[in-house]
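Me: I've got a model open and a pile of labels I'd like to understand. Could you take me through them and show the reasoning behind each one?

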Amino acid sequence: MTYFDKKYETIDLSELKALQTERFKKTLKQIFTGESNPLKAKLNESGIKNINDIERIKRIAEIKNIPFTSKSDLVNNYPYGMFSSPLSNMVRIHASSGTTGKPIIAGYTKGDIKTWSELMARVLCAADISKHDVGQNAYGYGLFTGGLGFHYGAEKLGMMIIPMSTGFTERQFTMMQDIGSTALFCTPSYALFLSEEIGKYVKDKSKIKLKKGIFGAEPWSNELRKKIENSLGIDAYDIYGLSEILGPGVAFECVYKNGLHINEDNFFPEIIDPKTDEVLGDGETGELVLTSLNREAMPLIRFRTKDITRLIREKCDCGRTFVRMAKIKGRTDDMIIIKGVNVFPSQIESVLFHYKNLEPVYLIELYTDNLLDTINIVIEPKKEIFNAGKDRVDRVIKEVSHSIYELIGIRAKITAVPPKTLERSKGKAKRVNDLRKKI
Ligand code: DLL
């Protein structure tokens, strides 16, 4: 097994707890003496009023007394209000689009960039990628953290990286063949798009040397993983992260692909019930809350990610002692509530992608019909099915409708559209179109 940082990645659990507590206290001190007033106010609210109060903390479990931080704290303190270090110490910013209009700004010091690069190098090693690989980086470069996050991680590992960014599909295939890329980094949606387009641009598939792919930044099912693996002939890994906390590199899959290891020396995870805010136990599904333990520019305490998962504490065969989180099911704000039933797009995806007769794309439309919430799932039957005529398409619709009924217990409308009708995403896919009238 290869590790980038064996000392930390296989750290003994009692040592990990001690390290987390020490780094937590250091982070609190930094906030206390730093610039971020909203975070200082949260510490005060929890009874931490001076440095002595921080010194008295014995265990990181005491974190539960501190109020949560959420996206709205970052929006309300736009652009720099949550920075704990002075602006003169910043060497970079990134931004995420934020769902409400104003972007979220994340700041990085030199130290943060070094840490981030090392954590990304861990991610690459865990997927058995080495300095002898050639990485084709098709995550977007720019304010999005995907492009530069992978770029710096690959350089840290010492591997050659091709800074492609997203799009320019023909050029992606040219470089892939000419330079001999062995690893592909992009969103799963873009990997799927590339796998659909490969026939158009590559005459001789033996020229493609790809072996691995690391895909993330959006929820994707294991069924989609299989489709991408089969069509590109690669081994595909999941990676998780978010701009507010760092970017990619918060959690990653190892070769056993049984959940994503959280870089626990850098982030303290908790799972809470998103409705009651109660902290849940290991194995229980709820909202992931993250505390940064090693950030200089913008440490966040108990940040509510809105991402739904559970923690897996059992030992992993890879030897890493870091806890794993299950593949993200979806975001609390993407959960569809239809006729009282809660369902995530990823669950619908798992059902649809089982069908060999369908292209691996879909769109969920929600609308109001006669005052009732209605769900319409738009699917794309494969060309040969579509060309076989209405009866054949209707048969597919009936089968899909039945499987969806078995999943959610309500009848969904299923609409089949001709091949290549649905939009293929090059970044994060939009799976749900909510047209319901808001009362
Ligand atoms: O998406 C960072 C990233 C870049 C992660 C490249 C992985 C690879 P944001 O744009 O701030 O940052 O979006 C963060 O994306 O809260 C999740 O809802 C979602 N997300 C990220 N990774 C995954 C994943 C980047 N592997 C938001 N599975 C997060 C499911 C993911 N959702």
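Me: Let's start with His-94. Why is His-94 called buried or exposed, whichever applies?

Reply: Keep in mind that this is a predicted model. His-94 has 0% relative accessibility, and the cut-off for buried is under 20%, so His-94 counts as buried. His-94 is found in strand S1.

Me: What is His-94 in contact with, leaving aside its neighbours within four places in sequence?

Reply: The list includes Ile-104, Tyr-108, Trp-116, Phe-144 and Leu-148. Gly-142 is also among them, and the side chain of His-94 reaches its backbone oxygen at 3.3 Å.

Me: What makes the pairing of the His-94 and Arg-92 side chains a polar contact?

Reply: The distance is 3.0 Å. A polar contact needs N or O atoms within 3.5 Å, so this pair passes on distance and is counted as a polar contact.

Me: Now Ser-97. Why is Ser-97 put in its class, buried or exposed?

Reply: Its relative accessible area is 61%, and exposed means over 50%, so Ser-97 is exposed. Ser-97 sits in the loop between strand S1 (90-96) and strand S2 (104-109). Leaving aside neighbours within four places in sequence, Ser-97 touches Lys-102 and Pro-103.

Me: And Asp-128, how do you know which accessibility class Asp-128 belongs to?

Reply: Asp-128 comes in at 46% relative accessibility. The partly exposed class runs between the 20% and 50% cut-offs, so Asp-128 counts as partly exposed. You'll find Asp-128 in the loop between helix H6 (110-126) and strand S3 (134-137). Its phi is near 65 degrees, a positive value in a residue other than glycine.

Me: Arg-302 has a positive phi too, I think. Where does Arg-302 lie, and is it buried or exposed?

Reply: Arg-302 has a positive phi of about 50 degrees although it is not a glycine. Arg-302 lies in the loop between strand S11 (286-292) and strand S12 (303-309). Its relative accessible area is 3%, and buried means under 20%, so Arg-302 is buried.

Me: On to the ligand. What makes Ser-243 a polar partner of the ligand?

Reply: A polar side-chain atom of Ser-243 lies 2.5 Å from an oxygen atom of the ligand, and the cut-off for a polar contact is 3.5 Å. As for cover, the ligand taken alone exposes 610 Å², and the protein buries 93% of that.

Me: Which backbone atoms come up against nitrogen atoms of the ligand?

Reply: A backbone N or O atom of Ala-217 lies 3.1 Å from a ligand nitrogen. For Glu-218, a polar backbone atom is 3.2 Å from a nitrogen atom of the ligand.

Me: How many residues surround the ligand, and what gives the most to that shell?

Reply: There are 20, and Asp-238, Ile-239, Ser-243, Asp-307 and Lys-428 are the closest. Strand S7 gives the most to the shell, with five residues. By class, the shell has nine nonpolar, six polar and five charged residues.

Me: Last one: what makes H11 mostly covered?

Reply: Six of the eight residues in H11 are buried. They are Pro-345, Ser-346, Ile-348, Glu-349, Val-351 and Leu-352. H11 (345-352) is itself among the elements covering the buried residues of H13.

Key. Residues numbered from 1 in each chain as written. Predicted model: local features only at pLDDT ≥ 70, side-chain atom pairs only at ≥ 80, totals over all residues. Heavy atoms only, no water. Near = heavy atom within 4 Å. Polar contact = N/O pair within 3.5 Å; in protein donor to acceptor, adjacent residues only side chain to side chain. Areas by Shrake-Rupley, 256 points an atom, 1.4 Å probe, with all protein chains shown as cover. Helix = DSSP H or I, 4+ residues; strand = E, 2+ residues; numbered from the N terminus. Nonpolar A, V, L, I, M, F, W, Y, C, P; charged D, E, K, R; others polar. Contact = heavy atoms within 4.5 Å. Buried < 20%, exposed > 50% of the residue type's maximum accessible area, 1.4 Å probe, protein only.
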